Amino acid sequence: MEAIDEHFVERARALRPGDGAATADADQVLALFDAQLQSRHLDLAARWLQAQGEGFYTIGSAGHEANAVLGLLTRVDDPALLHYRSGGFYAARAARNAAERPAAATTPVRDVLLGLSAAAADPISGGRHKVFGHPALHVLPQTSTIASHLPRAVGLAFSLGNLADLAPARRWPADAIVVTSLGDASVNHSTAQGALNAAAYLAHRGLDLPLLVVVEDNGLGISTRTPAGWLEESLRRLPGVQYVEAPSPRPDRLLADVGAAVDHARHTRRPVLLHLRTVRFLGHAGSDVELGYRTSAEIARDHERDPVLATAAYLVETGACTPDEVLDRYERTRAVVMHEAKSVIGERRLASRGEVVRPLHRPDTRPAPTRLPAPPPPAGRLTLAQAINATLAELLAERPHAVVLGEDVGVKGGVYGVTRGLRKAYGGRRVIDTLLDEQTILGTALGAALAGLLPIPEIQYLAYVHNAEDQLRGEAASLAFFSDGHYRNPMVVRIPGLSYQKGFGGHFHNDNSLAVLRDIPGLVLCVPSHPADARPLLRECAELAELEGRVCVVVEPIALYHSRDLHQPGDGAWTAEHAGPGTPRGPRAHGDGTDLLVVTFGNGVPMSLRACRTLEPDGVRATVLDLRWLAPLPVDELAAYASGFSRVLVVDETRRSGGVGEGIVSALVERGYDGRLSRVASADSYVPLGPASSTVLVTEEEIVEAAIALCG
């Protein structure tokens, strides 16, 4: 038996009734005790399953069972985004749900065990990961170890507090609060600091933010100690955020302290930070040997602070239970959990690639919400920036639940004027200027998506997305995967980017790397190059987000925003009528030459068209294929186009290593293309300031030279 098991049994036998009167409701304390016992024995069962070769996850909740009181005192319909030591919370919420809604009762013990054993029957992840989550319990699955779910929690609270009436239907009641938790070490992570700063910023502005952030403080981050007094000092100084400490695991005090925090968040609609004192048993995880960095005396002292023992002692001291009744309850819970643990052995697990990736690529189709009439299209021929602006206006008019948000998108109308006039037309609640933090921008969008809105966030430059990449990779795109499609993040992220700006630049304004976006499973990525492409691509992304719950990213070539001409001044070839018919989904072909197919995207499209014009006097007639969609690559259409050409040149403005061109060439080779194949790409370099940028970026001259070499 584990040491904590032996210690509890030994100490429980020695408990003696006291003469103090109970100050907490006995039934509520018993409910707390049952949830804590369930969580404790599930942790022990996880170790047993691992020893049998049938369990694959041993990060436990032992020592953190005080968080069960949050499951008792918050409502079932308060959305919860929890960290991985939330076994007590999950058990208590499941019990409350069963009492209030018997028809929607869950099987929490079996559900957790199915997750621990990676069984396909796991009701939240479908066997993909051990997470705490269940749609019926309004617990959204999180796998974060570093608080990356906090920006989403802030965004959800902001949306419920200020924008919920914009959604077609309320996902949660008007007085719901958002509950989120993290460990003490994670508070130091920049993501947590950014989220807490955003909460304080919103509170300072007087906006509603019904958010309860629970810091479960066991004093350790794996083996690194949290300095004494550090958390209190850092957490108390957040302006506008109520700080509540729950230092004791004794049930009456715990219920009072946590109850005060919950009530404050619900009634004031302001953020609350609950500092919950805990301990940690069983190490960080199954492979962690605590004696390598802690003394036996320290570990023994923590056993005296066991929250499960504290509840047992209170029950005995107040006469609610005898020591034998406490032990009987303990052993009955053990028997139930172990019976279920044995029963999950042999459960089917995911066995094919198709099963594993299904939530990423085969989302459930959602009903389309009501659409309002679009505004009249602008007259005349539009630039790329104007076409994007007009399309955003359409989306905001048609979809009252759509919101545009980002740095400078409102009053200023965007750095390049792309969102100009939208705030005036649709108001500050739907065109929102955010604080300068990309994690907060994307986190707000993630929360808004959960609340039933269609968020259209803007990251001001492509280089800035790297500050917040995990909000797309670890949070947005992974939610469907780890919830088996129960939860999704419908959103359209706009990112001005790529290179070739004249008179302005350097790396941070001419970032030509898309690898970080193409590498995210399930994310949809497109690049409109011509103004005629802006409307169909943006609208297609909005449809994918709204009807399939997709995470879509639109990278907009800054250098083409205000271009009007292609070959010569005044030709107007890089403008288009906004009201014209949309181009078909998939790649778009320019020209009808048969000697050479040039495959490209973004800035490569006008560059290749000009290069091909240069080749015409030598008798070379080419077609330029604008891929438009870069993730997933339109492989079938690409292979079909290429099959009609004996020569293919790939023009890739991203870097040679890790660039889009690598994927294009690989796709053609894998599909059996047997013609001559070549590519040009930018150098493996950051983009320097000024004219030197031409030394590392693809040039039209390089395209011409490569085409001549390929055509002989």
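These legends go with a set of close-up views of a predicted model.

**View 1. A six-stranded sheet with parallel pairing.**
Here six strands line up as an open sheet, and reading across it gives the order 2-1-3-4-8-7. Strand 2 and strand 7 sit at the edges with a single partner strand each, so one side of each has no neighbour in the sheet. If sheets are new to you, remember that strands of a sheet pair through backbone hydrogen bonds, either parallel or antiparallel.

**View 2. Strand 7 meets strand 8.**
Now we zoom in on one pair from that sheet. Strand 7 covers residues 242-246 and strand 8 covers residues 272-277; the two run parallel, joined by five bridges. To get your bearings, find Val244, which has Leu274 of strand 8 opposite. How does the chain cross from strand 7 to strand 8? It goes through helix 9 (residues 251-268), making a β-α-β crossover that is right-handed.

**View 3. Helix 2 alongside helix 5.**
Helix 2 takes in residues 26-51, and helix 5 takes in residues 108-116. Their axes are 11 Å apart, and the packing angle is about 30°. Angles under 35 degrees count as roughly parallel, and that makes helix 2 roughly parallel to helix 5. The crossing of this pair is right-handed. On the helix 2 side, look for Gln38, Leu42, Ala45, Ala46 and Leu49; helix 5 brings Pro108, Val109, Val112, Leu113 and Leu116 to the contact. What mix of residue classes does that give? Nine are nonpolar and one is polar, with no charged residues in the contact of helix 2 with helix 5.

**View 4. Helix 2 again, this time with helix 12.**
The partner in this view is helix 12, residues 323-344. The axes of helix 2 and helix 12 come within 9 Å and cross at roughly 45°, which makes helix 2 oblique to helix 12. The crossing of helix 2 and helix 12 is right-handed. Among the helix 2 residues in the contact are Leu30, Phe33, Asp34, Leu37, His41 and Trp48, while helix 12 offers residues including Val326, Arg329, Tyr330, Arg334, Met338 and Lys342. Sorted by class, the contact of helix 2 with helix 12 has 14 nonpolar, three polar and four charged residues. Gln38, Leu42, Ala45 and Leu49 of helix 2 are also part of this contact, and you can spot these four in the contact with helix 5 too.

**View 5. A five-stranded sheet with mixed pairing.**
This open sheet has its five strands in the order 17-19-18-21-22. At the edges are strand 17 (588-590) and strand 22 (676-682), each pairing on one side only. On average, neighbouring strands of this sheet are turned by 20° against each other, ignoring direction. Strand 17 pairs with strand 19 (residues 622-626) in the antiparallel sense, over three bridges. Ala589 makes a handy landmark there, standing opposite Leu625 in strand 19.

**View 6. Helices on the five-stranded sheet.**
Helix 22 packs on the sheet and touches strand 17, strand 18 (596-600), strand 19 and strand 21 (647-655). The direction of helix 22 makes about 160° with that of strand 18. Helix 24 (residues 700-711) lies across strand 18, strand 21 and strand 22, and runs at about 155° to strand 21.

**View 7. Helix 22 packed with helix 23.**
Helix 23 spans residues 660-670, and its axis is 10 Å from that of helix 22, at an angle of about 70°. An angle from 65 to 115 degrees counts as roughly perpendicular, and that makes helix 22 roughly perpendicular to helix 23. The crossing of helix 22 and helix 23 is right-handed. Val635, Leu638, Ala639 and Ala642 of helix 22 make the contact with Ile664, Ala667 and Leu668 of helix 23. By class, this contact has seven nonpolar residues, with no polar and no charged ones.

**View 8. Two backbone details in loops.**
Where should you look for a cis peptide bond? Find Ala631 and Pro632, which are joined by one, with omega at about -10°. Pro632 is placed in the loop between strand 20 (629-631) and helix 22 (635-642). The other detail is His138, which has a positive phi of about 55° although it is not a glycine. His138 is in the loop between helix 5 and strand 2 (139-140).

Note on methods. Residues are numbered from 1 along each chain as its sequence is written. This is a predicted model: local features need pLDDT of at least 70, side-chain atom pairs count only at pLDDT 80 or more; totals for chains, interfaces and linings use all residues. Side-chain values use heavy atoms; hydrogens and water are left out. Two strands pair if DSSP finds at least two bridges between them. A crossover is right-handed if, with the strands pointing away from the viewer, the path from the first strand over the helix to the second runs clockwise. Axes are lines fitted to C-alpha atoms, for helices over the stretch in contact, and angles run from 0 to 180 degrees between N-to-C directions. Angles under 35 degrees count as roughly parallel, over 145 as roughly antiparallel, 65 to 115 as roughly perpendicular and the rest as oblique. A crossing is left-handed if the near helix is turned anticlockwise from the far one by less than a right angle, and right-handed if clockwise. Contact means heavy atoms within 4.5 Å. Ala, Val, Leu, Ile, Met, Phe, Trp, Tyr, Cys and Pro count as nonpolar, Asp, Glu, Lys and Arg as charged, and the others, Gly among them, as polar.
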